[in-house]
Amino acid sequence: MQQVAPLSTPGWGQETRATLALAGPLAAANLLQMLTYAVDVIFIARLGEQQLAASALAVSLFGLVLWALTGLTGAVAPLIAEAIGARAPSVRPVRRSVRMAMWLAVIAGVGGMGLCLLLDPVMMASGQQPAIRALANEYNNVIVFSMVPMLLAAVLRNFVSALGRPIFATAITGVGIFVNALANYAFIFGNLGAPALGLAGAAVATIITSLFTLGAYIAAIRFDRRLHRYRVFGRFWAPDWQRLKLILRIGTPIALTITAEAGIFGSAAFMMGRFGAAELAGHTVALQLAALAFQVPFGVGQAAAIRVGYFYGARDPLGVKRAGWVALAIGTGFMSITALAMVLVPELLLTIYVDPGDPANAALVMFALQYLVLAAIFQLADGVQAVAAGALRGLQDTRVPMWIAIFSYWVPGIGTAIGLGFFTPLEGTGVWIGLATGLFFAAVLLIWRWNRRETLGLTRRDGDVRVTPPQQSS
């Protein structure tokens, strides 16, 4: 067997620059994706509030399933990074990982479509109005066909990012906004020679955008020499069951973690609705601002999974350490800035969504300002737990972090929210304290696990008996 030289460990400054170069485009792509969703809302809102409410119901289920399945297939990113970091011939393992992730995207996507088609029974059980249910089903029965291309595009996004081309994700998502807006304009209102489909037209626009995004990634991979050499679409029919099993082993806990986190925020909305419309509206606006800021540490966490994965593959514990701590410093630093902004200029931030000077918004703004103070604390914990989880994913450690998330969100988190929200005068403020508590517990426990990664054996790959030099596996 031929020995290969270990990956050179970068200094702290080099690692910071490398992480920023990877995280920047990924965070920008995440922010642009939120803008894509905003475009849908803008066009659908012109149809009327019934159509907007119906689409929100459908997207609440569709978005949850899509987000969870994106986490499932996203397990391919640390596997690609590990193969590249090992410095052994990486074309075959990378190709097999991507191929099996695409298989999983198709299989899981079809299953996810089936789950989304259960929307009507969910709406009936929750007592939604018949007119709203009919519109939501009309929208949902079309938009589900975008799930498989979206998941395939997410796999290819992980591939191009791990191969050092994250700017493709930014560019493709940016162009996708214009494609989405044009398709909404055409198919909702019957412009540019297209039929006027109303709410269903918005779903058609989503399908067109998802197909465009998938096609753009395929074209980028085909015409970029570095990416094309992996020939990820070659022998697409050939199975690698062990690789598929590995992706499932790593990805299933990620999907369940996402479901647990989404569940607590969904539950919070229902709890806020018990206190009144103004409280729920203020909660929604404050949470939207928090979600907007979260896209940056979420991108840093994605970058951390890749950077840590490189050094995990190279059997370089020092590189693992630097990649993880640099990502945590970047994510926490950014969230410190947004937290400060929420304390110092909250009304300015609210202007992104509402007019704070409009008397009609007075109650909403009052509650949103209260919640933004708590969101400042929320931001720090959310950023830390997102990046720490990403760094642990780079070590292919997902099962224990899943249990940490489930415990943190659903025991101290939801317990505090219920206790303070319903059994004290705090009401909505108590619910937000509960959300912050859950995220704080998750952040502390994940940082503890990251800090003890070597003691727990997380930096050792299966079969390792020494750290260096690595050997090419047969």
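Hi everyone, this is a short walk through a few helices and loops of the structure above. Please keep in mind that this is a predicted model.

Let's begin with a helix pair. Helix α1 covers residues 12–45 and helix α2 covers residues 49–73. The two pack at an angle of about 145 degrees, and their axes are 8 Å apart. Which residues meet there? From α1 we have V41, I44 and A45, and from α2 we have Q51, L52 and S55. If you sort the residues of this contact by character, you get 4 nonpolar, 2 polar and no charged.

Next, please find helix α11, residues 241–273. This helix has 33 residues, and from its first C-alpha to its last it reaches 46 Å. That is close to the 48 Å expected at 1.5 Å a residue. Where does α11 bend? Look at G251, where the helix bends by about 30 degrees. A proline, P253, follows within four residues.

Now for three loop residues, starting with Q396. You'll find Q396 in the loop between α15, residues 362–394, and α16, residues 399–423. Is Q396 buried or exposed? Its relative accessible area is 11%, and buried means under 20%, so Q396 counts as buried. Its side chain makes a polar contact with the side chain of E82, at 2.6 Å. Setting aside residues up to four places away in sequence, Q396 touches P78, L79, E82, R249, I250 and Y312. So E82 turns up twice here, as a polar contact partner and in the list of residues that Q396 touches.

Our second loop residue is G198, between α8, residues 166–189, and α9, residues 199–223. G198 is buried too, with a relative accessible area of 18%. How far apart are the C-alpha atoms of G198 and L47? They are separated by 7.3 Å, although the two residues are 151 residues apart along the chain. Leaving out neighbours within four places in sequence, G198 is in contact with L47, F187 and I188.

Last comes S146, in the loop between α6, residues 130–143, and α7, residues 147–162. S146 has 0% relative accessibility and counts as buried. What does S146 touch, beyond residues up to four places away in sequence? The answer is F62, T206, I207 and S210.

If you take one picture away, let it be these loop residues: Q396 is buried, G198 is buried, and S146 is buried. Thanks for listening!

Technical notes
Residues are numbered from 1 along each chain as its sequence is written. This is a predicted model: local features need pLDDT of at least 70, side-chain atom pairs count only at pLDDT 80 or more; totals for chains, interfaces and linings use all residues. Side-chain values use heavy atoms; hydrogens and water are left out. The expected span of a helix is 1.5 Å times one less than its number of residues. The bend at a residue is the angle between axes fitted to the seven residues ending there and the seven starting there. Axes are lines fitted to C-alpha atoms, for helices over the stretch in contact, and angles run from 0 to 180 degrees between N-to-C directions. Contact means heavy atoms within 4.5 Å. Ala, Val, Leu, Ile, Met, Phe, Trp, Tyr, Cys and Pro count as nonpolar, Asp, Glu, Lys and Arg as charged, and the others, Gly among them, as polar. Buried means under 20% relative accessible area, exposed over 50%, partly exposed in between (1.4 Å probe, protein chains only). A polar contact is a pair of N or O atoms within 3.5 Å; within protein, one must be able to donate a hydrogen and the other to accept it, and residues adjacent in sequence count only if both atoms are side-chain atoms.
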